[in-house]
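Reader: Got a minute for this one? Pull it up and walk me through the packing.

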Amino acid sequence: MPADAIRLSLFSFSLAGEAKRWLHSFKGNNMKLWDEVVENLLKKYFPKLKTAEGKVAISSFHQLPDESLSEALERFRGLLRKTPTHGFSEPIHSTYS
């Protein structure tokens, strides 16, 4: 079974409410590729204005005065999760011996 077919069949179980109804509205449609579903979902639920607001919050992020580094990092990760369409590249982690 192709990977796209598996993803598409399991994806609906991860959705609820309006998002699930939105996905089911495409049944029988030509949206059979995973990348098409992702693209359409992001367009629907992360419009350009929402993405722009998220990018501003991410790019202007700073640690608060009374905030520990771990708290700041968790808050930053939350911003990244809220805006999956942020477009910033993932940092490259290197290990030193």
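Author: Sure. This is a predicted model. The largest nonpolar core has eight residues: F11, L15, A19, W22, L23, W34, V37 and L41.

Reader: Which elements give two or more residues to this core?

Author: Those are α2 (17-24) and α3 (34-45).

Reader: Take α2. Which of its residues are buried?

Author: A19, W22 and L23 are the buried residues of α2. Seen down the helix axis, they fall within an arc of 95°, so they line one face of α2.

Reader: Any general reason for that kind of pattern?

Author: An α-helix has 3.6 residues a turn, so residues three or four places apart point the same way.

Reader: And what do the buried residues of α2 pack against?

Author: They pack against α1 (3-11) and α3.

Reader: OK, W34. Buried or exposed?

Author: W34 is buried, because its relative accessible area is 18% and the cut-off for buried is under 20%. W34 lies in helix α3.

Reader: What does W34 touch, leaving out residues up to four places away in sequence?

Author: D4, R7, L8 and F11. W34 and L8 are 26 residues apart in sequence, yet their C-alpha atoms are 6.4 Å apart in space.

Reader: Same for L41: what does L41 touch?

Author: With residues up to four places away in sequence left out, L41 touches F11, W22 and F46.

Reader: Now the outside. Which residues make the nonpolar surface patch?

Author: M1, I6, L10 and F13 make a patch of about 510 Å². I6 lies in helix α1. I6 is partly exposed, at 36% relative accessible area.

Methods: Residues are numbered from 1 along each chain as its sequence is written. This is a predicted model: local features need pLDDT of at least 70, side-chain atom pairs count only at pLDDT 80 or more; totals for chains, interfaces and linings use all residues. Side-chain values use heavy atoms; hydrogens and water are left out. A nonpolar core is a set of buried Ala, Val, Leu, Ile, Met, Phe, Trp, Tyr and Cys residues joined through side-chain atoms within 4.5 Å. Buried means under 20% relative accessible area, exposed over 50%, partly exposed in between (1.4 Å probe, protein chains only). Helices (H or I, at least four residues) and strands (E, at least two) are DSSP runs, numbered from the N terminus. Contact means heavy atoms within 4.5 Å. The arc is that of the directions from the helix axis to the C-beta atoms. Patches are made of residues with over 30% relative accessible area and no salt bridge: like charges are joined within 9 Å, nonpolar side chains (Val, Leu, Ile, Met, Phe, Trp, Tyr) within 5 Å. Accessible areas come from the Shrake-Rupley method with a 1.4 Å probe; for residues, only the protein chains shown count as cover. A salt bridge is a side-chain nitrogen of Lys or Arg within 4 Å of a carboxyl oxygen of Asp or Glu.
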